[in-house]
Amino acid sequence: MQLGMVGLGRMGANMTRRLMRGGHQLVVSDLSPDAVKQLIGEGAAGSSSLDDLVSKLTPPRAAWVMVPAGGPTEKTVQTLLARMQAGDTIIDGGNSFFKDDVRRSKMCAEKGVHYVDVGTSGGVWGLERGYCMMLGGPKEAVSRLDPIFKTLAPGRGDIPATPGREKLGGTAEEGYLHCGPSGSGHFVKMVHNGIEYGMMQAYAEGFDIFKNATSKELPEEIRYDLNLADIAEVWRRGSVVSSWLLDLTAIALAESPTLSEYSGFVQDSGEGRWTIQAAIDEAVPAEVLSAALYTRFRSRQEHTFAEKVLSAMRQKFGGHVEPKKQTKTA
């Protein structure tokens, strides 16, 4: 199947590669000519502009937008929409706010263009592991693009089937799901990221307790000099708290037991804030998710070992790099 990919950053480039491995034809676009050139060398068709990209797609066209949320996504969607025709589809695979999806879908519908929002999880590991996707938009468009989603998704792999799902059917076991109408895909991904904040914070606080088990404020007989890398490793094997986030923590601690290269400055990408706002709108208590978000705010002022663990996990699963330290001037 033919697809246009706009944005060749960490995820966009690897999604392009995974799709090409699956036999799809990709037309790529990026603000960096070097990024486009790299993918051309790997088998994609390049384009010099969005006009050029749209002209190289065969109707009904499909263009996947993988650029930063907010202004860049808005501008890209508007530019593509002006050049597309009825029956074409614009896919937003970034981390857009779900209410923006609802607005954009109505704008696209006026021209007969489909709009599909895709909450995409997988980070820099997605090329090999596949991408978990949460889809929102018209069923007709989602169904037509199913070959794309199926190729990007992880598939069933070696994960045991969930008891009771035998008669339920659907694509959830393949790693992608049509959640509902426009905005629902990014809504589900938004809450996914809010939960991710909470899980990461729980691990980080636990390892911080281990790190400080040698505190001189403790009686000597209950001071423990613990091997954090080994604890992370043993928990990966049969523990009820095992997870991919723990796998990444184990990698980080094996590489650097003190995480000395991390300052503990932890960014938030917006979804955590939106999740808390949704909880407020729905009058749903979200104590853990709120606390995890506020801890990220605090991390930018003072840094604990817990925050270094968080920063290490973000770097491992998404390639997120801490901003350089600001040098104070007199």
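These are my notebook entries on one protein chain, taken from a predicted model.

**Entry 1: overall build**

I began with the secondary structure. The protein chain has 14 helices and eight strands. Next I looked up the extent of the fold. Along the principal axes, the C-alpha atoms fill a box of roughly 75 × 60 × 40 Å. I then checked the radius of gyration, which is 22 Å for the protein chain. A compact globule of 330 residues would have a value near 20 Å, so the two agree.

I also asked how much of the chain is covered. Of the 330 residues, 47% are buried. The accessible surface comes to about 16,700 Å². Carbon and sulfur atoms hold 56% of that surface.

Contacts came next. I took those between residues at least 6 apart in sequence. Of these, 69% join residues at least 24 apart. Last in this entry, I looked at charge. The chain carries 37 positive and 39 negative charges, and their mean positions are 4 Å apart.

**Entry 2: the sheet**

In what order do the eight strands of the sheet lie? I read β3-β2-β1-β4-β5-β6-β7-β8. The sheet is open, and its pairing is mixed. Its edge strands are β3 (45-46) and β8 (176-180), each paired on one side only. As a reminder to myself, strands of a sheet pair through backbone hydrogen bonds, either parallel or antiparallel.

I followed up one pair of each sense. Strand β1 (residues 2-6) runs parallel to β2, with five bridges between them. Within this pair, G4 has V27 of β2 as its bridge partner. I checked the cover on β2 (residues 25-29) as well. Four of its five residues are buried.

The antiparallel pair I chose is β6 (residues 114-121) with β7 (residues 132-136). Five bridges join these strands. G119 stands opposite M134 in β7.

**Entry 3: T89 in β5**

I picked T89, which is in strand β5 (residues 89-92). Is T89 buried or exposed? Its relative accessibility is 0%, so T89 counts as buried. I then listed its contacts, leaving aside neighbours within four places in sequence. Among them are R61, A62 and A63, and also M84. V113, H114 and V116 touch T89 too. The list further includes A141, R144 and L145.

**Entry 4: N14 and W125**

N14 sits in helix α1 (residues 10-21). At 13% relative accessibility, N14 falls under the 20% cut-off and therefore counts as buried. Beyond four places in sequence, N14 is in contact with V124, L127 and Y131.

I moved on to W125. This residue lies in the loop between β6 and α6 (126-129). Its relative accessibility is 32%, so W125 counts as partly exposed. Which residues does W125 touch, not counting those up to four places away in sequence? I found G130, W244, L248, I251, K316 and F317. I also took a distance to G319, which is 194 residues from W125 along the chain. The C-alpha atoms of W125 and G319 are separated by 9.2 Å.

**Entry 5: backbone oddities**

I searched the backbone for unusual angles. Most residues other than glycine have a negative phi, and most peptide bonds are trans.

Where is the cis peptide bond that I noted? It runs from P59 to P60, with omega near -5°. P60 is in the loop between α3 (50-55) and β4 (62-65).

Two residues other than glycine came up with positive phi. L259 has phi near 50°, and A283 has phi near 55°. L259 lies in the loop between α11 (244-255) and α12 (271-282). A283 lies in the loop between α12 and α13 (287-299).

I compared their cover. L259 counts as buried because its relative accessibility is 1%. A283 is exposed, with a relative accessible area of 66%.

Notes:
Residues are numbered from 1 along each chain as its sequence is written. This is a predicted model: local features need pLDDT of at least 70, side-chain atom pairs count only at pLDDT 80 or more; totals for chains, interfaces and linings use all residues. Side-chain values use heavy atoms; hydrogens and water are left out. The radius of gyration is taken over C-alpha atoms; the globule rule is 2.2 Å times the number of residues to the power 0.38. Buried means under 20% relative accessible area, exposed over 50%, partly exposed in between (1.4 Å probe, protein chains only). Contact means heavy atoms within 4.5 Å. Accessible areas come from the Shrake-Rupley method with a 1.4 Å probe; for residues, only the protein chains shown count as cover. Lys and Arg count as positive and Asp and Glu as negative; His and the chain ends are not counted. The place of a charge is taken as NZ of Lys, CZ of Arg, CG of Asp or CD of Glu. Two strands pair if DSSP finds at least two bridges between them.
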